[in-house]
Amino acid sequence: MVPLSYYLALGGILFACGVTGFLVKRNIITIFMSIELMLNGVNLSFVAFAAQWHALSGQIFVFFVMVVAAAEAAVGLAIIIAVYRTRETLNVDRVNLLKL
Amino acid sequence: MQLHLVLFVIFGVVCVAGAVNLLVQRHPINSALSLVVVMGALAAEYLLLGAEFVAAVQVIVYAGAIMVLFVFVIMLLNAGEEERTTGSRIALLFGVPGVVAGSLLIAWVLLSRFGAQAVAIGALPGPPKVIGWLLFHDFLLPFELTSILVLIAILGAVVLASHPEAQPKKER
Amino acid sequence: MSITTFVIVSIIKIVITLVVLLTAVAYTVWLERKVVGHIQNRWGPTRVGPFGLLQPLADGIKFIFKEDLTPPHVYKPLYIAAPMIALVFALTSIAVIPVGNWVTVAGVQTPLQITDLNIGLLVVLGITSLGVYGVALAGWSSNSKYSLLGGLRASAQMVSYEISLGLSLVGVLILAGSFSLRDIVNAQAGTFWGFIPRWNIFQGQFVAFFIYLTAAYAETNRVPFDLPEAETELVAGYHTEYSAMKFAMFFMAEYANMITVACLASLLFLGGWLGPLFGPPALQMVLPLFWFGLRVFGFLFLYIWVRGTLPRFRYDQLMAFGWKVLLPLAIGNLVVTALVVALRAG
Amino acid sequence: MTPNFHLWLIPMLPLVGAALNGLFGKRFSRQIVAGVALLACGAAFAMALAVAFQAGSLTLPHSELLAQWIRAGSFHADFAFYLDQLSLVMLLVVTGVGFLIHIYSVGYMWEEGGFYRFFSYLNLFMFFMLTLVLANNYLLMFIGWEGVGLASYLLIGFWFTKDSAASAGKKAFIVNRIGDFGFLIALFLMIREFGSLDFEQVFHGAGSMNPETAGAGLLTAIGLLLLVGACGKSAQIPLYVWLPDAMEGPTPVSALIHAATMVTAGVYMVARSHAIFDRAPTALMAVAVIGTLTALFAASIGVCQTDIKKVLAYSTISQLGYMFLACGVASYSAGIFHLMTHAFFKGLLFLAAGSVIHAVGGEQDMRKMGGLRKHIPWTFWTMTAATFAIAGFPPFAGFFSKDEILWQAYSSPYGSWVYWLLGLITAFITSFYMFRLWFMTFFGEYRGDAESQAHGHQPHIHESPKVMLVPLVILAVLSICGGWIGSNRFEVFLSPALAPTEAARTVEVGNLEVQFTLLSVVIAGLGLLLAWWLYHRRPQLPSQIADAMGRFYQAVLNKYYVDELYATAFVKPVIDGSIRILWRGIDQGVIDAALDNGARGAGEISDSMRRMQSGNLRSYAGWIAAGAAVVIGYMVWMGTR
């Protein structure tokens, strides 16, 4: 028996790693991967809660998260390609035209 | 069953190591592979929780499809090592402490709330049949909406990634 | 069955499976060289052993003793890891493939399968979908333009055809109502009108079989979809920079994948190990293995036959075919199958 | 079980007509527009008649609930209708005269643009007027009250492209607001005191109050405030100024709204509230004083007016003053009686005047008329009947009602000889200016030709079409016979509704009544003679007299400079105050300044805040993370408390 809080803690660590990655990484693709990491952390807590509360809907949510993540990956990577095509860089610190 | 705890710890450590490696590595392809590792380990965690279908889908969709796309794009754009630019002091000054503070708060709440409760492993197997039933009955509307979302995402991706000058060539 | 017995039996089964698989891989290579040779009106290997039967052994020895070159410009960690990834995933997926019914050896009853998962098919799909990393990483880490192009082609092609492959299997899943490969095979037992076996291919899944066949060729990077290693364009594609044992690993991975795909095809569409049983009990125990092996052999022969007769596609044709022909076809097949099953059920 | 008359249909029918004409009238032909309007109004009249014929078999008052409207605690006001003798009389007068004037309007307005608009407004007016008359509580009555004001505004400004018409409409509306203000406060007081606005409950509450002690101040206050409202609607001093200007509207409007029906709403309201006024002698006296003064004052202005409709307008004000006088001496039935006869003959006067104006091609100045008797005989004879009626010659309708008022002014316990004397003088002046109008218009030589010819067109003086003449004739008959019911019988009929309180007319001054009657007839005759002398026999004399009178004549001619006085005393301070305090002070200094400074401040803050918009993705993420941490901290803190 593994306490629920362990799973939640693991999910939380993954999520925190994801946020930190988002903050400290400069490469757009890596930043994007950090987002996926966050989603995975959340997914873990979904599944853990599903097991805890005996509710399969938790697992269903995971599928929806995955589908959204897939859609997001498709669009996001397309955007990255488009950005790279115009700016010739993947460093977000150099992609900063959107300001006053 | 200590075995479960042992397995949990093993895969949990792999997970965290992968996540940290994602942060530490400077080359995106290493980060991507770390993420694949994280996802594989997560699939194992799902198996421990009895969610075997989720685990399989996690591998197929995340590791097998989404991350392949990432790797593909990294290869396509020939992304190199990360530059160490300091474009944003805010992210370090406010963001990282914010993350740490928020995580600590949540952890504290979780531990004080659920510290004692244990999950009955395998108590809730997620057989594909039941999940399919739920998905196509109770969650039919969200399911269909998601399908529309995916369709839009496909169209968006095609439009975004296609060359603006590219003319549709005629098949000969 | 105690834990100890379970572990021992499992180890025995793993060893046997791996030995058989690797042997099969080696002799599939021999078979290919022989068959293609005859198709091209030549003899193929003849010198080592009778009919060149020891040729695979000679090749293996050569690979092992050859100098393992590592070009200086490669990204080393991944360059080394890539062939291992490819081979590991190729060999792992065989774990859930059942090759026959339950057997009793020395009082221990066990299925002819390393492990029986009720999501077996999904596991196979998941593991094969991971196999693309080996190819892609090899192409990228070699730091050579031919390799990179090969890797790019491989990953795009495999991700694209994986969709059609998966969708073609859904019809079978609907008919069987299970992900377990054993259940799927058992669902095909029996006959129509006494003489036509109830294989899925005869239950209206011949379109799905065709889709599966085509997608499987693309997944395993075989002719006519061998763009990632197209010799005439890319030297050798993703394994241009590899030599010796690393190259052998890719080679083994490719043929192992072929065998897995052939096994899957037999299980899903051709009734697996089902076939007439006769003779003494010992024979009855072995016959399913024979029937199964026969189907796999037939499928592999088809692979080689196609390789010997069809030309290579152009890359844009490949992608167009996958997205514009196979995918709609697979969806249509799925819809029709679902409709028929739904109508029959209620 | 009491029969259900569906009283709500009576006001609703004109509303339907108004809606039809207002929404779709633009596409209708004139015939259809007229048909819709007449049908709506005629149906209402027919229903009123039907109700009247069945009223005998009915226990009055009779009330019908249509729908709940406001329910708040114990207070409630409903869409409910109230029928008693008083509202029955008003109902008949309004629908009857209204229907006749509708018919007349078809002829009068036939050539005008906006035909459908006119009839839509007219029907709308009927709806509101009937609501006012039939309401069973003050709030519903107030709806009608405001609604007729709206209709009046719309119709006065019917020719809205003419500046004077538009401003006359605004003037009427604004002056009426002052009166409505008083009315509203009276309603609030009623709600506070009686907790209801239902007539029955309010009157019951008022009746149970001791007039000498508790209720005195309150009832007086309510009465005076109601009087303010009535003054506004019925054009009494000091709020009469809008009515003469209201003559800018089409003549049928003047006849219907500003003579026969709407302006009498104030009288109706006072009579309806008699239970309050009976217990508030001070308020009652105020009614009488205002009525008397208005009657005399307006009549004296009427003497010098040359515009035919203005003369009639001041005459209307004056006659309304009579009605107020009657109410003010607690002789409500006399007031209502005069209201009815006045509706007949003043409606007729306006319609006939309209016919005259129609005949001479839009000319309204009496000095350019004259000798029309031969050209438009029907108009002449009906006008004659109305003139004799208003002057108070027997056996015309006006004689009975006016005589009754004068007699009551003298004999009522609330009355006094002063009221009577002033009323008598007013009667003389009335007779004089009405016959002045009569002589100037119909006798002598036609004076408009020369000038018109100089302008190059020959006015073809013609009799009006039949559709206009028929209402004239009917009203003429009513003006002659309308009074024959006799004031006593009328009083008896109304007595259940206007039940005289304990202060019944016990004082009977015997034969004096006959002598008084004779006296008033003689006075009317004197007025006729004087007018004949001045305007028929010696037409040059009036100007000489005017010269001799000098400044006084000028004052009268300019309506005693009341408009100018109001302009300096009220309008100008209000405008100046609005400019200095509201516009420059509050609007610019406070509201605009707050907005401007707020915008400037926001701009300055944003100027410093925009540094956050660095364009750097990770900075944004940092802000989000910090914010999320704050939110999480807040939630944890809230959760652990």
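Biologist: Before we get to the order of elements in chain B, what makes something a helix or a strand here?

Modeller: Helices are DSSP runs of at least four residues, and strands are runs of at least two. This is a predicted model, by the way. On that basis chain B has six helices and one strand, and along the sequence they come as α-α-α-α-β-α-α.

Biologist: What makes S1(B) count as a strand?

Modeller: S1 of chain B covers residues 118–119, and a strand needs at least two residues, so S1(B) qualifies.

Biologist: How do you know which residues of chain B to call buried?

Modeller: A residue is buried if 20 or more other C-beta atoms lie within 10 Å of its own. Of the 172 residues in chain B, 41% pass that test. As for contacts, take the ones in chain B with a separation of 6 or more: 60% of them join residues 24 or more positions apart.

Biologist: And where chain B meets chain A, how many residues does each chain put in?

Modeller: Chain B supplies 74 residues and chain A supplies 63. On the chain B side, the elements giving two or more residues include H1 (2–24), H4 (89–114) and strand S1 (118–119). The biggest giver on that side is H3(B), with eleven residues. By class, chain B's side has 57 nonpolar, 14 polar and three charged residues.

Biologist: How does chain C touch chain B?

Modeller: That contact takes 17 residues from chain C and 16 from chain B. On chain C's side, helices H4 (120–130), H5 (132–141) and H6 (145–176) each give two or more residues. The side of chain C splits into 13 nonpolar, four polar and no charged residues.

Biologist: Over in chain D, why are H10(D) and H15(D) called roughly antiparallel?

Modeller: Helix H10 (251–260) and helix H15 (332–359) of chain D pack at about 160°, with axes 9 Å apart. Angles over 145 degrees count as roughly antiparallel, so H10(D) is roughly antiparallel to H15(D). The crossing of H10(D) past H15(D) is right-handed.

Biologist: Which residues make that contact?

Modeller: From H10(D), they include D:Thr251, D:Pro252 and D:Ala255; from H15(D), they include D:Lys346, D:Gly347 and D:Phe350. The whole contact has nine nonpolar, four polar and one charged residues.

Biologist: What makes D:Gly347 polar and D:Lys346 charged?

Modeller: Lys is on the charged list and Gly is put with the polar ones, so D:Lys346 counts as charged and D:Gly347 as polar.

Definitions and conventions:
Residues are numbered from 1 along each chain as its sequence is written. Chains are lettered from A and ligands numbered from 1 in the order in which they are written. This is a predicted model: local features need pLDDT of at least 70, side-chain atom pairs count only at pLDDT 80 or more; totals for chains, interfaces and linings use all residues. A residue is buried if 20 or more other C-beta atoms lie within 10 Å of its own, exposed if 12 or fewer, and partly exposed in between; C-beta atoms are placed from the backbone. Two residues are in contact if their C-beta atoms, placed from the backbone, lie within 7 Å. Axes are lines fitted to C-alpha atoms, for helices over the stretch in contact, and angles run from 0 to 180 degrees between N-to-C directions. Angles under 35 degrees count as roughly parallel, over 145 as roughly antiparallel, 65 to 115 as roughly perpendicular and the rest as oblique. A crossing is left-handed if the near helix is turned anticlockwise from the far one by less than a right angle, and right-handed if clockwise.
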